Amino acid sequence: MDMNPQKKILFVDDETNVLEALQRMLRSHRTEWDMRFVSQAEEALRIMDRDQFHVVVSDMRMPGMDGSRFL
């Protein structure tokens, strides 16, 4: 049995205004989803080393490491 009923979702996008817009838009789902918003693929990988997510949503065009390489 899952001790945490919330689904864990990680959003990755190098544009912070996109992440902020997603946070505002998805605010009503706070009780259903445990959401993390990260602006760099490298940081997201470090987070994923420590934690598991049900869903990962990534921008495909990011500097340094694009979305397809990240995923």
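What percentage of the 71 residues of the chain count as buried? The figure is 30%. The model is predicted, and the stops below go from the whole chain to its cores and then to its last segment.

**Whole chain**

Start with the full chain in cartoon view. Three helices and three strands should appear. Followed from the N terminus, the elements come in the order β-α-β-α-β-α. The chain has a radius of gyration of 12 Å, close to the 11 Å that the globule rule gives for 71 residues, so it is as compact as a globular protein of that length. Switch to the C-alpha trace: along its principal axes this spans about 40 × 25 × 15 Å.

If you draw a contact map, look at pairs at least 6 apart in sequence; 65% of these contacts join residues at least 24 apart.

**Surface and charges**

Turn on the surface. About 5,200 Å² of the chain is exposed, and carbon and sulfur atoms supply 49% of that area. Next, colour by charge. The chain carries 10 positive and 13 negative charges, and the mean positions of the two sets lie 3 Å apart.

**The largest nonpolar core**

Hide the surface and select L10, V12, V38, A41, A44, I47, F53, M62, M65 and F70. These ten residues form the largest nonpolar core. Two elements, β1 (7-12) and α2 (41-50), each give two or more residues to this core. The largest share is that of α2, with three residues. In soluble globular proteins, nonpolar side chains tend to be buried together.

Now centre on V12, a member of this core. With neighbours within four places in sequence left aside, V12 is in contact with L19, V38, Q40, A41, A44, V57, S58, D59, M62 and F70. Several of these partners belong to the core as well, including V38, A41 and M62.

Apart from the largest core there is another, made of five residues. To find this second core, select I9, L19, L26 and M35, which are among its members.

**The segment after α3**

Move to α3 (67-70) and step into the segment that follows, where L71 is found. Is L71 buried or exposed? L71 counts as exposed because its relative accessibility is 62%, and the cut-off for exposed is over 50%.

Keep L71 selected and show its contacts. Beyond neighbours within four places in sequence, L71 is in contact with V56 and S58. S58 also appeared among the contacts of V12. Finally, set a distance label between L71 and M60: the two are eleven residues apart in sequence, and their C-alpha atoms are 9.3 Å apart in space.

Notes. Residues numbered from 1 in each chain as written. Predicted model: local features only at pLDDT ≥ 70, side-chain atom pairs only at ≥ 80, totals over all residues. Heavy atoms only, no water. Core = buried A, V, L, I, M, F, W, Y, C linked by side-chain atoms within 4.5 Å. Buried < 20%, exposed > 50% of the residue type's maximum accessible area, 1.4 Å probe, protein only. Helix = DSSP H or I, 4+ residues; strand = E, 2+ residues; numbered from the N terminus. Contact = heavy atoms within 4.5 Å. Rg over C-alpha atoms; globule rule 2.2 N^0.38 Å. Areas by Shrake-Rupley, 256 points an atom, 1.4 Å probe, with all protein chains shown as cover. Lys, Arg positive; Asp, Glu negative; His and termini not counted. Charge placed at Lys NZ, Arg CZ, Asp CG, Glu CD.
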